[in-house]
Amino acid sequence: MRHIWFRDGVSLSSVSSQNVLLFTSRLAAAVGPPTGAGQASGSHVFVCDLNTPWDVHWVTSRLGQVTALTWDAAGRQFALADDQGHAQIWAMLDCVLSQWKCVLKECLPGEKIIQAQFLHAGPKTVLNSDGLESALYSEKFTRLPGPALASAFVQRRLVGLALISSSGVFTLITISTAGRVRTAQALLGGRRRKIKLVSMAFLRSGPLVVATSDGNAQHPILIHSIVPQFNAADQVSVAVEDYPGIFLNTRQPVAKDDDYQAVVELCFVMREDCDSILIGTHHESGGKVQLWAVQDTHHAIHKIFAMGGALDGAPVPRLALPAWQYIEMFSGPCSALAALATPPWSVQGIGGPGGAPSCYIIVAFNDGSIHCLLRDSLQHIASVDLPKSSVRAHLSGGGGGGAISSMCFTATANALVVNDSWGQIHLYRVSPISDPGGSHSIPYLVTMFEYCLVSGIDFWDLTLCTRHGFIEAIGEKLRANFELQSESHRSYYFYQLAMIESFLYRLSPALEYKAADLFAKVTLMSIHGVFKSALRTLEVKSFLEGEITMGSSVANILKQNPSEWDLEKLFQVFQGTHGTDLNTEPGFCQSFQHLIQWSSTLCLHILAGLPEYKQMRKGLGFDLHKDPQVLLILREILYVVRIWSHFQDGCLPSFTQGSDFNVVSQCFNMVTKLKDNPSDEGLHDDCLRLPSQVMLPPLNLTIKARGVAPMVVAFHRSPMSFEFGEEPDLETSAPPPEPLFIEGAMSSQQLMDCSRLIYLGKNPTAVKMSTRSYAMSFPGPNPNVNQPVAIKSWEKRWVRQCPSGGNWKIRHMTD
């Protein structure tokens, strides 16, 4: 994938754990900053979801050159720093990708900041090598505690941001939950000195390790440890300790006539792996990459200093001391080294004394070639050249293209983002680390999707590695493994699994009905939970004392009468048990009337489609009518609606129906029979007559996928090329209405609010739209300020992410 931009020079980029790309550009574009927000000579910061790379949002502009970009662990805020000493932290406003707010501004006068990193990273989920064959999440994955330094920030509820300037000043900024900002500084090595290259990583025992170089190959690469120290008032100070450095000339792995000319890249292999570091050097023959690792070296000790003395003739004792050792070198083409990229962490875990975590190392050169190396001995796996696009050839007068500026891995390290000096953004698939150079298999993809499920990392880049024929098999395997988990795990991970499954199914037009049924089930379960929690007795004391709640009582009545299809008889049972002992918030039923209507409409569609399901015509409701949990939930919701309708007017759903047809009672009757005997011929006849007895309202549950993922997986369009700010033709048209095979069912061209389950109209002014699908929602809170607490919490159900797992953005429909 190419993203056409401008001739831009140096462009920085960073990808969050939610697969959101953050990058800089020297030149503003059509959707760039407003007039007066920045100058062309400065830097503009943009953000976009990798699934819709043409849809870029401007965040801010700096008069100076942005020199550092970094995301926090959650992917909800980022930090930037420039060459004029300014540092800022920006957070997503109301969880909308197109809206950002600055939450911190700091300035270090006279300093050029060259590196920034958040310090409050939490625990990491990694694969358990001994349980890879297990289907249980608790055995397949293990949770490692975060670095001790990062844990100190988490325990104190502090956000920590580390900055390093080109003169060797280390600055630590802490921000409390109350917004209090404190700063501590220290000099690396105890004095100011020129620093050109910096890399930071965590040591699991506690310190932050910093490697620095002034770019001179004859000078050592210095290593320092940083230990923040807190007092009782959470005021912070910084202690700096020097570690053994690296002298390139102590090992001469190159020919004498091809000596070191400069150090151009410096990078720890991973943020939480300080045992190895990559050093990029420049030579007459081109760029080279060296791998150095900390290993124990044994030194002889004089017998006088041996503990307890040494007997004559006894072997001389030896002392093991850690030191940097040269491991291997990779020599690329006869071109200068342009960039290095390593994943921020390894799914395989943190390397111990006996080995190192597996990961890829990506090396780019100025000739446009990108090489993939395996960490072990820098083994070459694959290589690719940047495409010579017509735009680049035209701008360069038919000559060569621009150089690579920066590279970074996506959330799960299964894709690579490359920025070049022409401002183009390239996205490449990366082979699985379990089979370097091979193709992605179903077992690998299932394991990685489960890793995303457990860890909370975004799964979008995994979908690019999925073949169209794999989708249903992956979904079935994910569901089969999920059913083997404990009840607590199933309850905790249900919504996230449904999000992953539904996004996968949306990638295939033939499986969209499965995605619609999953969305309906998730919504139905949410409605069921809200309705049960809203059932309260008049005596609050009984609830506080831990007696049976009203919701549990209703569930017990239905459980004790599993085959009773007469709703009025069950209502009499409720009256005999509780009488008039029922309390709800004022206006509750009116506020949730749309949810009552939606649940009843869904029930009608499932029942009306039953004759078609028997003929194996797959459509909306095909999976729901076979799900016992869904039928039990529908039965309980209809029962609760009947109870409410006795105590409060206006609770029953509204339908165009026959005079002697009671929708709630008839649906309860038919759902009970469907649960007990799906092959009942009498039920089949009732379902055939249903569309003639009641008019079936529209039920828009099909949310079509959009963006790069469906083009790659379903339509096999790769490589693709997009232009900044211009949405592709295939994405601009509204999705067609879902196919209906139920005779008599109504259809609607109106847009549906996927969160509130109400219609937005045919042409709303503005909506919140997903970056992964055509899911839409009202852009702001409901203006009705007198809503019950339950309805306010309901409207926040999809506020963080859309049903497809993507981010929200504000879209003005008149644009």
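The following exercises, each with a worked solution, concern a predicted model. Residues are numbered from 1 along each chain as its sequence is written, and side-chain values use heavy atoms, with hydrogens and water left out. Because this is a predicted model, local features need pLDDT of at least 70 and side-chain atom pairs count only at pLDDT 80 or more, while totals for chains, interfaces and linings use all residues.

**Exercise 1.** Determine which residues of helix α6 are buried, and on which side of α6 they lie.

*Solution.* Begin with the element itself: helices (H or I, at least four residues) and strands (E, at least two) are DSSP runs, numbered from the N terminus. Helix α6 covers residues 471–483, and its 13 residues reach 19 Å from the first C-alpha to the last, close to the 18 Å expected at 1.5 Å a residue; the expected span is 1.5 Å times one less than the number of residues.

Next, list the buried residues (under 20% relative accessible area, with exposed over 50% and partly exposed in between, for a 1.4 Å probe and protein chains only). In α6 they are I471, I474, G475, L478, R479, N481 and F482. They cover an arc of only 165° around the axis, which puts them on the same side of α6; the arc is that of the directions from the helix axis to the C-beta atoms. An α-helix has 3.6 residues a turn, so residues three or four places apart point the same way.

Finally, the buried residues of α6 pack against α1 (137–140), α4 (442–455), α7 (487–506), α8 (512–534) and α18 (708–713).

**Exercise 2.** Work out how strand β3 is placed among its neighbours, and whether its residues are buried or exposed.

*Solution.* Take the pairing as the opening step, where two strands pair if DSSP finds at least two bridges between them. Strand β2 (residues 13–15) runs antiparallel to β3 and is joined to β3 by three bridges, with S14 opposite L22. β3 also pairs with strand β4 (residues 43–49) in the antiparallel sense, over six bridges, and there V20 has D49 as its bridge partner.

Then consider the directions of the side chains: V20, L22 and T24 point one way from β3, whereas L21, F23 and S25 point the other way, and all are buried. Six of the six residues of β3 (residues 20–25) are buried, so the strand is largely enclosed by the rest of the structure.

**Exercise 3.** Find the strands that stand at the edges of the open sheet β10-β13-β14-β15.

*Solution.* Four strands form this sheet in the order given, with antiparallel pairing. β10 (113–118) and β15 (181–187) each have a single partner strand, so one side of each is left without a neighbour in the sheet, and these two stand at the edges.

Note on methods: Contact means heavy atoms within 4.5 Å.
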